[in-house]
Amino acid sequence: MTWVQCDGHGLLQRLLAGGGESALRHVTTIPARAATVVDWPAWVPDQLRVSLVGAGVSAPWAHQIAVAELARAGRHVVIATGTASGKSLAYQLPVLTELLADAGATALYLAPTKALAADQIRAVDALGMAAVRPASFDGDTPKVERDWVRSHARWVFTNPDMLHHGLLARHDRWARLLRRLRFVVIDECHVYRGVFGSHVALLLRRLRRVAARYGASPAFLLASATVADPAGSASRLTGLDTVAVTEDGSPRAQRTIALWEPPLLDELTGENGAPVRRSAGAESARLLADLVLEGARTLVFVRSRRGAELTALSAQRALTAAAADDLACRIAAYRAGYLAEERRSLEAALDAGELLGVASTNALELGVDIAGLDAVVLAGYPGTRASFWQQAGRAGRAGSAALVVFVARDDPLDTYLVHHSAALLGASVEATVLDPTNPYVLRPQLACAAAELPLTDACLDLLGGEMARSVVTELVAEGTLRRRPGGWFWACPRQRPHSEVDIRGSGGGQVAVVEADTGRLLGTVDAGSAYTAVHPGAVYLHRGDSFVVDELDLDSGIALVHPEEPAWHTSARSVTDICVVSVVDRRCRGGVSVALGEVEVTSQVVSYLRRLPSGEVLDAVPLDLPASTLCTRAVWFTVSEAVLEAAGLVPAVWPGALHAAEHAAIGLLPLVATCDRWDIGGVSTARHPDTGEPTVFVHDGHPGGAGFADRAHAAVVPWLTATRDAIAACECPAGCPSCVQSPKCGNANDPLDKAGAITVLDAVLAALAEAGAAQVPPAHDEPPTLIDAADLP
């Protein structure tokens, strides 16, 4: 299969010539870089060196050998170099060398996605060293093959879910692997953040504990293209002292990056008469079709599964309309939720160049080696600068110059970034936020650890210290654990707790999407997102086919659907209430206070909108679904009535001003915290019963908190400054999705007061700017705990 190699700058010029001038907001070029090549070390076996040279690796780069030397010396090491910098070879060299030298040695590889693990095992298989016996162990591995993997595989490629459910839960079956375990490779370690990262951090500590039981003390090798403070992040994740290699010796092709804002649609208005932009998905589909017509192999990253399907379908239709049917059939969607055989087929077609264009969720963001991509289009900000650079790095992976286009959604953060390019292109990636001592994470993890091996005092030091001891005391009191002279034991040895633990924090389990008439399994969604994704009436897309949900049964874990192709798509709306449980920190000055604390959030999906592809809202359909309660952490600010009145705001506009400020603050929080706006929520009120004043809350969307509210509290000034600037810079007259409207607002974005929101934020920022903000005693008679930004991860 052959394809046309395209120049990134030339591609951009052709897109602009096709009518894109008004959408371009910024363009920059990242120059090419030459490689730093070194000789093969003498310790690399001839068999391995010959195989690598045959695979096209004539000589290694400097950073690859630096990592390998540290690993061979027994150090725990993280490599944090650019995308497509050959990080795989950096850990393959020491691992394969050891496995070839010692016929009994074993290794473990962990990837956050099946696609990445499958790609890595293909790369090792291609080297032709049968003695290494690499094997995959994931949810797609047939049961008949799992026994062979346990008995014979020497390098096992898996993921944290299978490590938890399949290996540690029955570690006695894996004694052969664990007894001779030399290396543990953790790929794309920047993914492990928030609740998922906290679970994985404890999971790795459990692995270390079980490996020690069998006499092994493996070296941990971590890799990521985009992680802040790599040594510190890796050390927090593993609990081990880790050294970082960050100097990148790989070559880099020139890359052109364009920031793109779709135009306003004069003929349409949105909710409450707000102006509407062409959607990022529609604009990205148009760009995908144009790029494929130019012969450019293109990957489009879309925020949702539905969006990936719609983008691919729209591009196919555009090419068909352009009499390019031969190209339309070479575009496809790729996303999680597909069956294993469907994913493997698409990956092979993409790798072989049979597909020219792919619309994907972030399932293809990580590490999968796709050679020869000419362009990457990002349909909306992926939530973090780390993910932005990871996705952008997929362009030009074969060494050729490439184009990256970031298409802004009609969203406060996206709008801010395309108008403030330095905040995206000039800032460092975010710090990795995780908290292994979160009691909501510790509780199930300690139960699993006790079921694997009895807990001792030394184990509790490893797994969380004093917080772990507190949680263990609770587990003993409720009968989950039993205290004996030898430690703390799991009380139900015939029933293991692992299956009840959702390490990805997605709400527990999966909901199967089933076609009612045929019983065909179409895919799955997380139970935690089922009310918003597969509620009755929701439009569900699968490989270009459209279905409408008839019934959702969470108890049975099934959503029944029927084939239908409505002209609209759907989006759920929810309402939220919040109460303060305790205050961790509060600072007050000039009638304004900023606080961090624990809260109880009650939310309910109450309706869904039906929207046309243009963005026009057809109607809102009510839903009758149960409410859910979440105990988590929040940051909030209050503004006294006197301050609001002094700023010229009359009481009648307070609800709309606070509501607008809340929406925009949620939208801009990912600028300072490693989160997505869907990871967080908010509430605003003109008088909250727990504060007695006008209040805006922004809360974490995970039990116990994921560190996002803490990060917002620590960075409250830059966060709210960016929020204020984004609202003020928006060209709309009274508020729109680019500034203060929210796609998930259960109050139909009413009331909203754009000008009032700016006034509120000005008042808050003015108070925070005063030197020597006074510390006041927190509520509920708890001593204050001062939070310093430097102390946060």
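**Note on salt bridges, loops and backbone details**

1. At 26% relative accessibility, P263 counts as partly exposed (buried is under 20% relative accessible area, exposed is over 50%, and partly exposed lies in between, with a 1.4 Å probe and protein chains only). This is a predicted model in which local features need pLDDT of at least 70 and side-chain atom pairs count only at pLDDT 80 or more, while totals for chains, interfaces and linings use all residues. Residues are numbered from 1 along each chain as its sequence is written, and side-chain values use heavy atoms, leaving out hydrogens and water.

2. Staying with P263, you will find this residue in the loop between β9 and β10 (helices are DSSP runs of H or I with at least four residues, strands are E runs with at least two, both numbered from the N terminus). Its contacts, once neighbours within four places in sequence are set aside, are V276, R277, R278 and E283 (contact means heavy atoms within 4.5 Å). For a distance to check, the C-alpha atoms of P263 and A627 are separated by 38 Å, with the two positions 364 residues apart along the chain.

3. Which residue forms a salt bridge with E261? The partner is R277, with 3.3 Å between the closest N and O atoms (a salt bridge puts a side-chain nitrogen of Lys or Arg within 4 Å of a carboxyl oxygen of Asp or Glu). E261 sits in the loop between β9 (255-260) and β10 (264-269) and R277 in strand β11 (residues 275-277), so this pair ties together parts that are 16 residues apart in sequence. Both ends are covered: E261 is buried at a relative accessible area of 1%, and R277 is buried at 7%. Salt bridges with shared partners join R25, E261, R277 and E731 into one network, which would be a nice group to display together.

4. A search of the whole structure turns up 31 salt bridges. Another one worth opening in your viewer links the side chains of R180 and D102, at 2.9 Å from N to O. R180 belongs to the loop between α8 (175-179) and β6 (181-186), and D102 to the loop between α4 (87-101) and β3 (106-110), so the pair ties together parts 78 residues apart in sequence. R180 is partly exposed, with a relative accessible area of 31%.

5. D411 and R409 also form a salt bridge, their closest N and O atoms being 3.9 Å apart. Here D411 is buried, at a relative accessible area of 5%.

6. Now for a helix residue: S233 lies in α10 (residues 230-238). Is S233 buried or exposed? It is buried, with a relative accessible area of 5%. Not counting residues up to four places away in sequence, S233 touches V227, A228 and T432.

7. Two alanines deserve a glance at the backbone. A84 has a positive phi of about 65° although it is not a glycine; A84 is found in the loop between β2 (76-79) and α4 and is partly exposed, at 30%. A323 has a positive phi near 60°, lies in the loop between α12 (305-321) and α13 (325-328), and counts as exposed at 70% relative accessibility.

8. Finally, please look at the peptide bond from D750 to P751, which is cis with omega near 0°. P751 is in the loop between α25 (716-729) and α26 (754-769).
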